[in-house]
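Colleague: I'm new to this one. Could you walk me through it, a question at a time?

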Amino acid sequence: MTRECAVLLPGVCAALADPRQPGLDDTCLEKLLDWFRSLTWFDPTVELVQDNPCLTELISSVLALPEPSPSILSFTLQLAGILAASENRFQHLQQEKLLGRLFGRDGPRGRAVWEDASVRSGWVKGVHSMVHHQPALHFLCSGGCMDVIFALQGDPSLFVASAASQLLVHMLTFSVESETSKPLSTKDCEWPACAQMIKKHVEDSLQSGSASHIEQSLKLLTSLFGSCYAAWTEVLWSDIAKQIESFLMEETVQAQHMLANLLLNVARSPVFCDTEGSFWALVTSALEHLTPVQACPLAVGLLKLCKCPQDVRIQALTVLLQPMDCILRAASQPLEYAGLLDESVSDPVTVESLLSSKTSCAGLLCQTLAHLDKLLSLKHLRVDLPYMSLLRSLMTILQFCNGLLSPSSPLGSTISRNLINCFRVQKSALDVLAALSEKKGCETLMGSLFDVLLAYLESPNTSPTVLKKAFQATSKWLVCLQELSCSNSQCQQTEKILEDVFVVLQKRLCSPCWEVRDSSLEFLTAMVKCLRDQDGFRQCLLSSEVPRLTENLLEDPESYVRASAVTAVGHLACVTYFAPESPVAGNQHNKENTLAKLQEILSTDSEGFPRRAVISIFTKWLREGCTGQLEDTEQFVSRVIQTVERDLDWEVRLGGLELVEVFCSQTICQLGLSECPYAPVSSAVPGSTPQNQLLQVFCRAKLFGFLFRSLCDCDKPVGQRACDILIGLRGNFYPVSTLENPQEIEDSPAGRGIAWLQRTLRQGSLAQNFPTDGGNGVDFQDPESMMVALGAIDLLELHDELNKSSDHVEESPQSLLQDILATMGTIEENEVDCY
């Protein structure tokens with residue numbers, strides 16, 4: 001603790017203990033506790049409390065209050081726990097007879113203030129902080145605290161109940177690992193006293209028949225096996241496994257829904273990696289006896305485990321696929337296709353009854369589809385999914401949902417009625433459908449698949465959110481379709497599908513619903529990105545009305561649509577105007593017209609989204625070498641950054657800096673500087689060296705004015721990016737060893753202006769009157785001046801300043817204590833700065 005803080009602390013403690021003072025903000029109290037945690041973390045000595053007697057005086061004063069504030073009492077309990085985490089300080093507080101009055105029978109748990117959840121929470125947190133040595137364990141076990149903790153597991157406050165459960169896990173783990181002289185390896189080993197109390201409590205609760213007590217113990221065990229992988233956990237498991245198994249068999253037990261998480265955490269533990277078959281037999285039993293909704297999370301978790309036995313993994317996959325299998329079988333009568341599964345793990349009637357119920361059908365399918373989506377995203381799946389049957393099942397679900405399929409089986413008819421217009425299931429199924437596009441083996445279903453997708457794209461009943469998902473799935477499957485287009489028959493099919501897609505897209509681009517127009521533009525952009533090199537796609541695109549309709553949407557009244565239209569037009573230009581083989585590539589008027597429209601949006605649009613999209617597209621064009629076909633790239637960049645630097649949206653200004661970075665990189669490469677060693681260039685003798693040419697290009701493009709002004713931007717990311725660019729540029733003109741000495745430049749023609757610039761830059765965003773070109777003797781378009789500026793200004797110092805946290809001065813313990821004193825000294829509403 002610094003001397004300044006030690007001086008302030010007594011006043012803070014006195015203010016906190018004074019009931020006449022207004023209460024402090026809870027966040028401020030948490031900051032104070034964080035400071036004490038950091039003070040005590042590396043220092044276990046007793047000096048902290050001996051040298052600062054105000055801490056024990058604070059605890060005594062709060063305990064003496066007849067009606068202490070719940071927040072101050074909670075703070076005091078937590079502070080005492082933090083201090084008592086060290087055995088030395090624990091003994092000191094014991095000698096002062098404070099710990100018993102805080103945590104023992106004489107403490108707040110027997111008073112009216114205990115009814116406040118924050119006090120109970122503070123008590124649990126204080127105990128948790130304290131349990132880092134055996135004296136603390138013995139104090140808790142002998143002082144009647146264990147019964148309190150057990151009771152708090154069922155606290156009406158979920159925060160308190162969860163904290164009590166976590167505390168018991170910590171105490172059990174700490175007791176076994178600190179008090180056991182030899183490893184616990186068999187049932188006959190003697191457990192330490194504290195661990196024995198917790199273990200007995202858990203076993204008694206599991207056998208109590210009380211649903212709440214069983215749930216509390218299952219939560220505790222789930223947390224324990226999820227966080228502790230010590231060998232003794234296997235001994236604990238062996239003592240409770242039979243009881244867990246009985247819960248699976250007894251249908252009357254209400255805690256079955258918690259067993260999946262418990263078994264999954266045990267399965268993840270390396271302790272059970274080579275265990276005998278009894279544990280995996282219990283897992284298999286769980287897959288059979290839990291309801292489909294309960295078993296699904298367990299099944300997916302097992303499929304992600306590398307050490308799960310193969311037979312268990314196959315059984316888990318069967319559980320997961322059972323609803324999809326049921327859908328496929330219900331759709332065809334008599335069976336036209338085989339289902340997904342050869343046999344079921346549990347009774348198929350259970351799944352059928354859930355899918356037959358209006359209330360459970362959508363929930364079960366959404367859960368199953370969400371799990372399948374996660375599985376399909378895994379790079380290495382250790383079981384083979386039946387992709388073809390899965391795709392057929394997904395198509396069936398989507399047809400059920402929009403009424404395109406009328407099955408003859410009674411079950412199929414019921415499921416169809418349950419799913420009609422169910423947006424939740426439609427979105428989930430389309431997500432999985434999109435994920436399946438990356439898997440091989442579904443080629444024969446392409447025609448039927450696009451029939452389903454086009455039905456969704458065309459239907460007026462498709463909701464905007466479902467349509468967006470349908471567009472995303474369609475774009476992914478179009479890529480697959482192009483990859484398969486080899487034979488003439490396949491090419492004809494692809495051409496027909498593309499034509500149908502563009503007909504639908506033309507209609508959707510004219511939709512009165514802005515979300516639909518926006519999704520249509522995003523879909524178009526996705527298609528252009530993936531298919532721009534395919535002749536068939538380009539022909540369909542250019543023969544449609546899509547390019548014209550897209551340009552019209554640059555004037556859409558909705559800003560999101562204008563932004564998406566900008567992005568789509570930018571990508572379309574790579575196909576229509578900038579591609580050499582394009583039949584419209586030579587139309588210079590259209591190119592310039594498109595550029596003019598985008599520049600107008602950048603300079604005049606009232607919303608930030610379209611302007612951000614324009615600067616992003618201009619950067620894309622520059623990166624791909626398209627701007628040279630429009631006009632001189634140097635003039636293009638100059639015009640754009642002069643517009644951008646006046647923009648009020650910091651993301652647009654940041655985009656302008658990215659454009660500058662690409663331009664600089666390309667120019668440096670064109671002049672061959674990126675391949676040669678850096679060499680110093682004398683600023684006093686202009687020549688025709690590549691470095692000098694580079695400097696002249698940057699000055700003509702007015703880059704330096706933009707970059708130096710950006711250093712003083714009020715939004716820090718802009719200043720940081722500008723500084724990074726300038727440091728990178730300087731390396732092209734100065735090796736590290738030849739940087740100018742700031743003291744030697746005062747006499748040069750540009751010296752005074754550069755010195756003024758250096759001082760201005762140090763003010764950062766506080767600089768009110770940043771110089772324009774030529775102002776205060778700084779000419780940002782003069783190569784010689786800019787050469788001096790790059791060599792003289794300490795950009796690394798600026799870089800460090802810009803990367804400092806804005807609260808690096810204010811967020812200090814001393815400042816915190818000063819704020820507390822200032823706040824506690826007023827009667828107005830709390831205005832403490834909690835940073």
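Modeller: Sure, and keep in mind that this is a predicted model. As a start, of the protein's 835 residues, 54% count as buried.

Colleague: What does the secondary structure come to, in helices and strands?
Modeller: You won't find a strand here, since the count of strands is zero. The helices, on the other hand, come to 41.

Colleague: Which helix gives the most to the largest nonpolar core?
Modeller: That core has 280 residues, and those with the most contacts inside it include Trp-123, Trp-237 and Phe-708. The top contributor to this core, with eleven residues, is helix H18, residues 310-331.

Colleague: Which residues does Trp-237 touch, leaving out those up to four places away in sequence?
Modeller: Trp-237 is one of the residues with the most contacts inside the largest core. Leaving out those sequence neighbours, the residues touched by Trp-237 are Phe-225, Ile-244, Leu-262, Leu-263, Val-266, Phe-272, Phe-279 and Leu-282.

Colleague: Is Asp-155 buried or exposed?
Modeller: Asp-155 sits in the loop between helix H10 and helix H11. Its side chain makes a polar contact with the side chain of Arg-120 at 2.6 Å, and a polar atom of that Asp-155 side chain is 2.8 Å from the backbone nitrogen of Ser-157. Buried means under 20% relative accessible area. Asp-155 has a relative accessible area of 10%, so the word for it is buried.

Colleague: How many residues apart are Asp-556 and Arg-517, and where do they lie?
Modeller: Their side chains meet in a salt bridge, 2.8 Å from N to O. Asp-556 is in the loop between helix H29 and helix H30, while Arg-517 belongs to helix H27, so to speak of the distance along the chain, the pair links distant parts: 39 residues apart.

Colleague: And what about Arg-37 and Asp-34: by about how much of a helix are they separated?
Modeller: These two form a salt bridge as well, with the closest N and O atoms 2.8 Å apart. Arg-37 is partly exposed at 31% relative accessibility, and Asp-34 is partly exposed at 39%. Because they are three residues apart in helix H2, the separation is about one helical turn.

Colleague: Which residue forms a salt bridge with Arg-709?
Modeller: The closest N and O atoms of this pair are 3.3 Å apart. Arg-709 lies in helix H36 and its partner in the loop between helix H33 and helix H34, so the bridge ties together parts 64 residues apart in sequence; the partner is Glu-645.

Colleague: What is phi near in Asn-421?
Modeller: Most residues other than glycine have a negative phi. Asn-421, found in the loop between helix H22 and helix H23, has a positive value instead. Its phi is near 60°.

Colleague: Where is Lys-702 found?
Modeller: Lys-702 also has a positive phi, near 60°. Its relative accessible area is 28%, so it counts as partly exposed. As for its place, Lys-702 is in the loop between helix H35 and helix H36.

Colleague: What should the twelve residues of helix H41 span?
Modeller: Among the buried residues of H41 are Leu-816, Leu-817 and Ile-820, and what covers its buried residues includes helix H1 and helix H2. For the span, count 1.5 Å a residue, using one less than the number of residues. The end C-alpha atoms of H41 agree with the expected value, which is 16 Å.

Technical notes:
Residues are numbered from 1 along each chain as its sequence is written. This is a predicted model: local features need pLDDT of at least 70, side-chain atom pairs count only at pLDDT 80 or more; totals for chains, interfaces and linings use all residues. Side-chain values use heavy atoms; hydrogens and water are left out. Helices (H or I, at least four residues) and strands (E, at least two) are DSSP runs, numbered from the N terminus. Buried means under 20% relative accessible area, exposed over 50%, partly exposed in between (1.4 Å probe, protein chains only). A polar contact is a pair of N or O atoms within 3.5 Å; within protein, one must be able to donate a hydrogen and the other to accept it, and residues adjacent in sequence count only if both atoms are side-chain atoms. A nonpolar core is a set of buried Ala, Val, Leu, Ile, Met, Phe, Trp, Tyr and Cys residues joined through side-chain atoms within 4.5 Å. Contact means heavy atoms within 4.5 Å. A salt bridge is a side-chain nitrogen of Lys or Arg within 4 Å of a carboxyl oxygen of Asp or Glu.
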